[in-house]
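Colleague: I am new to reading protein models, and I would like to learn how to look at a few features step by step. Could you take me through this one?

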Amino acid sequence: MAASSRRLAAVLLAGLLPWVVVTFDGGWYAVFSVGFLHLDPFSFTSLPEYVSRVASVPPRLTAWPTATLLYAAALATAVFDHVSDLDSRVPAGLLFLAGVDVGLLALSLSRQPTILAIPVGALWLWVAVWVGYGDDLLGE
């Protein structure tokens with residue numbers, strides 16, 4: 001698999017997997033880049049739908065749309081990199097920062113009583129940096 005295809009696949013996968021798994025008394029739900037999924041009852045709420053319901057994002061959740069914007073920019077640069085030669089530090093940096101924001105989101109959610117938020121997406125995003133851009137970042 002060509003390096004640019006591997007990069008694009010790693011970036012896409014990091015955006016499709018859950019970013020934060022939130023556990024609370026009586027259940028859990030998963031936060032993805034574009035929305036969150038409840039299993040009981042089964043429902044999916046997109047990020048734009050959620051923002052339209054609440055009018056503005058609560059301060060404890062601002063890292064979520066920020067991470068999504070950083071991820072979208074990283075995806076766009078990965079697509080652009082797939083068809084041209086782009087400095088690999090740009091998408092790698094955007095993915096890394098998105099991972100930091102996912103970690104901040106989980107930390108913010110976990111500050112609420114009886115909630116534990118696990119930032120699995122930070123891992124996915126940072127693995128995408130390593131798998132997709134590690135060779136370039138290490139100068140190999």
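Colleague: Let me begin with a single residue: in which part of the chain is Ser33 found?

Modeller: Please keep in mind throughout that this is a predicted model. Ser33 sits in the loop between β2 and β3, the latter spanning residues 35-39.

Colleague: Is Ser33 buried or exposed?

Modeller: A residue is called buried when its relative accessible area is under 20%. Ser33 has a relative accessible area of 4%, so it counts as buried. Its surroundings can be listed too: leaving aside residues up to four places away in sequence, Ser33 touches Gly15, Trp19, Leu47, Trp64 and Thr68. With one of these neighbours there is a polar contact, since the side chain of Ser33 reaches the backbone oxygen of Gly15 at 3.0 Å.

Colleague: How should I read a helix, and how many residues does α4 have?

Modeller: An α-helix has 3.6 residues a turn, so residues three or four places apart point the same way. In this model α4 has 22 residues and reaches 31 Å from its first C-alpha to its last, which is close to the 32 Å expected at 1.5 Å a residue. Among the buried residues of α4 are Leu94, Leu95, Ala98, Asp101, Val102, Leu105 and Leu109.

Colleague: What does Leu105 touch?

Modeller: Leu105, which lies in helix α4, touches Val20, Val31, Arg60, Leu61, Ala63 and Trp64, again not counting residues up to four places away in sequence. Leu105 is buried, because its relative accessible area is 3%. Residues far apart along the chain can also be compared in space: Leu105 and Trp19 are 86 residues apart along the chain, while their C-alpha atoms are separated by 9.5 Å.

Colleague: How does one find a pocket, and which residues line the largest pocket here?

Modeller: Rolling a probe the size of a water molecule over the atoms shows where empty space is left. The largest pocket holds about 160 Å³ of space, and its lining includes Tyr29, Val31, Leu61, Trp64, Leu105 and Leu109. Two or more lining residues come from each of β2 (27-31) and α4 (89-110). Sorted by class, the lining has nine nonpolar residues, one polar and one charged.

Colleague: Finally, what happens at the ends of helix α2, and which residue caps its N-terminal end?

Modeller: Ser46 caps the N-terminal end of α2, residues 47-54, with a side-chain oxygen 3.1 Å from the backbone nitrogen of Glu49. After α2 comes Ala55, whose phi is positive, near 75°.

Terms used:
Residues numbered from 1 in each chain as written. Predicted model: local features only at pLDDT ≥ 70, side-chain atom pairs only at ≥ 80, totals over all residues. Heavy atoms only, no water. 1 Å grid on protein atoms, 1.4 Å probe; cavity = no way out; pocket = protein on both sides within 12 Å on 5 of 7 lines; lining within 4 Å. Points joined across faces, edges and corners; volume = space filled by probe spheres on them. Helix = DSSP H or I, 4+ residues; strand = E, 2+ residues; numbered from the N terminus. Nonpolar A, V, L, I, M, F, W, Y, C, P; charged D, E, K, R; others polar. Buried < 20%, exposed > 50% of the residue type's maximum accessible area, 1.4 Å probe, protein only. Polar contact = N/O pair within 3.5 Å; in protein donor to acceptor, adjacent residues only side chain to side chain. Contact = heavy atoms within 4.5 Å. Expected span 1.5 Å × (residues − 1).
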